[in-house]
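The following note sets out points on helix packing and local backbone features for consideration alongside the coordinates. Each point may be checked separately.

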Amino acid sequence: MKVKSVLFVSLVILLAACSSSKKEAEDAIIADENTVTDFALRIEQSVLNGNPDVYNNAFDKEYLKSLIRDNSIVNSSLDADFGQEYFESNFHTGDEAVQVVDNGGDFKFVRYYMDEKDSSHHIVFRTYNDFILNFIDYKVDTLGGLLAIKDGFIYNTGRQFSDIIRENVLLNVLYKTNPEGTTSTLKHIKELGDEGKYKEAMRQLHQHEAELNELSYYWQLYIANLYQTCPKSQYIDSLNQLKVKGLDNRMLLLHQLMFYLNEGMTEYCGGTINELIEYAGDDPIFLLIFGKTNFYAKHYGTALGCYETAAEFLPPLWDLWFSKLECYHAMNDSEHFGQCLEEGKKNYGMTDEQLSAIKERHFSRQK
């Protein structure tokens with residue numbers, strides 16, 4: 001009798017396990033355009049709702065960890081608490097995106113596509129703050145019946161997300177174990193730039209290129225100091241010459257766009273936007289960028305048209321509202337300027353006193 005009871009219990013457990021496995025198989029998500037798009041939209045909505053957790057937890061950390069173990073220093077550090085801490089510090093993307101939105105910027109899912117080379121699924125997110133753009137192209141696949149981010153390309157660094165993780169862990173470990181080495185050199189070059197000593201910073205960058213050029217941080221410092229030292233007429237050519245150094249075209253296009261924006265070069269700005277759309281996808285934020293470029297070129301009517309169209313598709317961004325005010329002021333259109341100023345009450349909860357202060361501070365001077 002006791003044997004039968006044991007067999008019966010075992011049979012029940014086996015049947016329950018089979019039933020559970022069957023249910024898990026039925027509930028498992030298959031990666032396709034619809035499921036991956038829904039995954040991206042959940043991340044976007046959670047960020048816009050002020051919840052960073054969905055984005056923070058969207059990554060296949062173990063897979064990413066396996067990618068960065070090819071560096072011996074990084075690999076050995078991951079077995080220590082400090083190395084694990086440096087690794088985990090890379091997964092605050094949700095907090096960073098929420099902070100961007102809280103500071104008056106925007107976060108948006110822009111595009112889904114399938115890479116035909118390896119049939120991989122990709123989602124592209126965009127962050128915007130104070131006329132600075134960045135796009136992140138993530139590769140998505142399944143993990144334990146759910147979807148997860150496996151890796152991704154970050155436009156403003158020109159590197160894969162896994163490369164940035166490896167580099168962050170490596171530099172933190174080197175700073176801890178050998179503070180007088182590579183990290184000291186990078187720190188010194190950054191300080192030179194911060195002090196306005198751009199030519200000396202460039203000299204140091206060229207001197208240490210052989211030992212540092214595999215680091216994305218090196219190229220960020222290089223481009224920042226190149227902008228400060230290179231004649232404007234030669235900057236774009238100098239930037240494009242970096243392709244022979246292995247820098248990705250998407251990164252260079254993003255830097256070109258910022259240059260054309262600040263210089264009011266509308267034709268080149270429009271062409272660069274069209275090139276970026278081929279990679280990142282169409283995005284109404286480009287209308288804001290193109291509008292600002294036209295404003296700097298004193299094409300106020302064109303700028304205003306861009307802003308008004310962008311406003312139909314974007315949230316009530318402060319930069320968009322203020323840019324419209326700039327146009328109306330430049331066009332001496334006091335009626336529409338006043339109407340636009342009043343939008344500050346509805347969109348930002350501003351008082352009459354605050355609106356008057358903005359008008360006095362920014363628009364009281366004669367053009």
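**Notes on a predicted model**

1. The helices α4 and α6 cross in a right-handed manner. Their axes, those of residues 61-68 and 81-88 respectively, approach within 12 Å at a crossing angle of roughly 115 degrees. Since angles of 65 to 115 degrees count as roughly perpendicular, α4 is described as roughly perpendicular to α6. On the α4 side the contact involves K61, K65 and I68, and on the α6 side Q84, F87 and E88.

2. The model is a predicted one, and its overall composition may be stated briefly. The protein chain contains 20 helices and five strands. Its C-alpha atoms occupy a box of roughly 100 × 55 × 40 Å along the principal axes. Buried residues make up 45% of the 367 residues of the protein chain. Among contacts with a separation of 6 or more, 56% are between residues 24 or more positions apart.

3. Helix α17 merits a fuller description. This helix covers residues 300-311, which is 12 residues, and spans 16 Å between its first and last C-alpha atoms, close to the 16 Å expected at 1.5 Å a residue. Which residues of α17 are buried? They are A303, L304, C306, Y307 and A310. Viewed down the axis of α17, these buried residues lie within an arc of 160 degrees, so they line one face of the helix. The general background is that an α-helix has 3.6 residues a turn, so residues three or four places apart point the same way. The partners of the buried residues of α17 are α16 (285-296) and α18 (318-330).

4. The pairing of α16 with α17 can be specified by its geometry. The two axes come within 8 Å and cross at roughly 165 degrees. Angles over 145 degrees count as roughly antiparallel, and α16 and α17 are therefore roughly antiparallel to each other. Their crossing is left-handed. From α16, the contact draws on L287, L288, F290, G291, K292, N294 and F295, while α17 contributes Y300, T302, A303, C306, Y307, T309 and A310. A303, C306, Y307 and A310 of α17 thus take part in this contact and are also listed as buried.

5. How are α16 and α18 arranged, at what angle and with their axes how far apart? They pack at about 30 degrees, and 11 Å separates their axes. With angles under 35 degrees counted as roughly parallel, α16 and α18 are therefore roughly parallel to each other. The crossing of α16 past α18 is left-handed. L288, K292 and F295 of α16 make the contact with L320, S323, E326, C327 and A330 of α18. L288, K292 and F295 are also among the α16 residues that contact α17.

6. The loop between α17 and α18 contains P316. Leaving aside residues up to four places away in sequence, P316 touches N347 and Y348. Both of these contact residues fall in α19 (334-348). As a further distance for reference, the C-alpha atoms of P316 and E267, which are 49 residues apart along the chain, lie 27 Å from each other.

7. Helix α10 (residues 198-207) also has a buried face. Its buried residues are A201, M202, Q204 and L205. Seen down the axis of α10, they fall within an arc of 160 degrees, so they line one face of the helix. These buried residues pack against α9 (182-194), α11 (209-212) and α12 (216-229).

8. Two residues with positive phi should be inspected in turn. D130 is a residue other than glycine, yet its phi is near 55 degrees. D130 is located in the loop between β2 (120-129) and β3 (132-143). Is D130 buried or exposed? Its relative accessibility is 53%, and exposed means over 50%, so D130 counts as exposed.

9. N332 likewise is not a glycine, and it has a positive phi of about 55 degrees. This residue is placed in the loop between α18 and α19. N332 is exposed, its relative accessible area being 61%.

Notes. Residues are numbered from 1 along each chain as its sequence is written. This is a predicted model: local features need pLDDT of at least 70, side-chain atom pairs count only at pLDDT 80 or more; totals for chains, interfaces and linings use all residues. Side-chain values use heavy atoms; hydrogens and water are left out. Helices (H or I, at least four residues) and strands (E, at least two) are DSSP runs, numbered from the N terminus. The expected span of a helix is 1.5 Å times one less than its number of residues. Buried means under 20% relative accessible area, exposed over 50%, partly exposed in between (1.4 Å probe, protein chains only). The arc is that of the directions from the helix axis to the C-beta atoms. Contact means heavy atoms within 4.5 Å. Axes are lines fitted to C-alpha atoms, for helices over the stretch in contact, and angles run from 0 to 180 degrees between N-to-C directions. A crossing is left-handed if the near helix is turned anticlockwise from the far one by less than a right angle, and right-handed if clockwise.
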